[in-house]
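Welcome! Take a moment to look over the sequence and the 3D view, and then let us walk through them together.

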Amino acid sequence: MNQRIARLLATMAASVVTLLALGAAPLARADDLPTFKLEMNNGKLNPARIEVPAGKRIKIEVHNTGTNAVEFESLQLRKEKVLAPGAQSFVVIAPLQPGEYKFFDDFHQQAQGVIVAK
């Protein structure tokens, strides 16, 4: 019975190592994604137009340089990210078909932008 338990534990350990290796692989590749920067500042977007490659996952680094909270939101892409003043974060977007995808600052409705996949 002890040998069965030892084999079971060894199999479980091997499975855990495999799962950890598989889970770490996408994290390592996240740094390799094409990355685009977006500055949000009290109702202003810079740039308001972001051109990205179609068919590839991308990362958009969002930095709130304003004095008020902002929210990067895209209904088409089903993404939203709230940032306090001075905060920065990112969103990863799945490969896009060629076209235009609107985004905006939900806290400053006049701030409208577009991601253009080519």
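## The overall layout

Helices here are DSSP runs of H or I with at least four residues, strands are runs of E with at least two, and both are numbered from the N terminus. With that in mind, the chain holds one helix and nine strands. Starting at the N terminus, the order of elements is α-β-β-β-β-β-β-β-β-β, so the helix is followed by the strands. Please keep in mind that this is a predicted model.

The chain has 118 residues, and 31% of them are buried. About 7700 Å² of the chain is exposed, with carbon and sulfur atoms supplying 58% of that area. Now consider the contacts between residues at least 6 apart in sequence: 59% of these join residues at least 24 apart.

## A sheet of four strands

In what order do the four strands of the open sheet lie? The order is 2-1-4-7, and the pairing is mixed. At the edges you will find strand 2, residues 44-46, and strand 7, residues 88-93, each of which pairs on one side only. From one strand to the next, the twist averages 25°.

Let us follow one edge of this sheet inward. Strand 7 runs antiparallel to strand 4, which covers residues 58-64, and six bridges join the two. One place to spot this pairing is Ile58, whose bridge partner in strand 7 is Ile93.

## Strand 3 and its partner

Strand 3 spans residues 49-52 and has two faces. Ile50 and Val52 make up the covered face, while Arg49 and Glu51 lie on the uncovered one.

Which way does strand 3 pair with strand 9, parallel or antiparallel? The two strands pair in the parallel sense, over four bridges. Ile50, from the covered face of strand 3, has Ile115 as its bridge partner in strand 9.

## A closer look at His108

Strand 9 covers residues 108-117, and His108 belongs to it. Is His108 buried or exposed? Its relative accessible area is 14%, and the cut-off for buried is under 20%, so His108 counts as buried.

Which residues does His108 touch, leaving aside those up to four places away in sequence? They are Asn42, Gly43, Asn68, Ala69 and Val70. The side chain of His108 also has a polar contact of 2.7 Å with the side chain of Asp105.

Terms used
Residues numbered from 1 in each chain as written. Predicted model: local features only at pLDDT ≥ 70, side-chain atom pairs only at ≥ 80, totals over all residues. Heavy atoms only, no water. Buried < 20%, exposed > 50% of the residue type's maximum accessible area, 1.4 Å probe, protein only. Contact = heavy atoms within 4.5 Å. Areas by Shrake-Rupley, 256 points an atom, 1.4 Å probe, with all protein chains shown as cover. Pairing = 2+ DSSP bridges. Axes fitted to C-alpha atoms, helices over the stretch in contact; angles between N-to-C directions. Polar contact = N/O pair within 3.5 Å; in protein donor to acceptor, adjacent residues only side chain to side chain.
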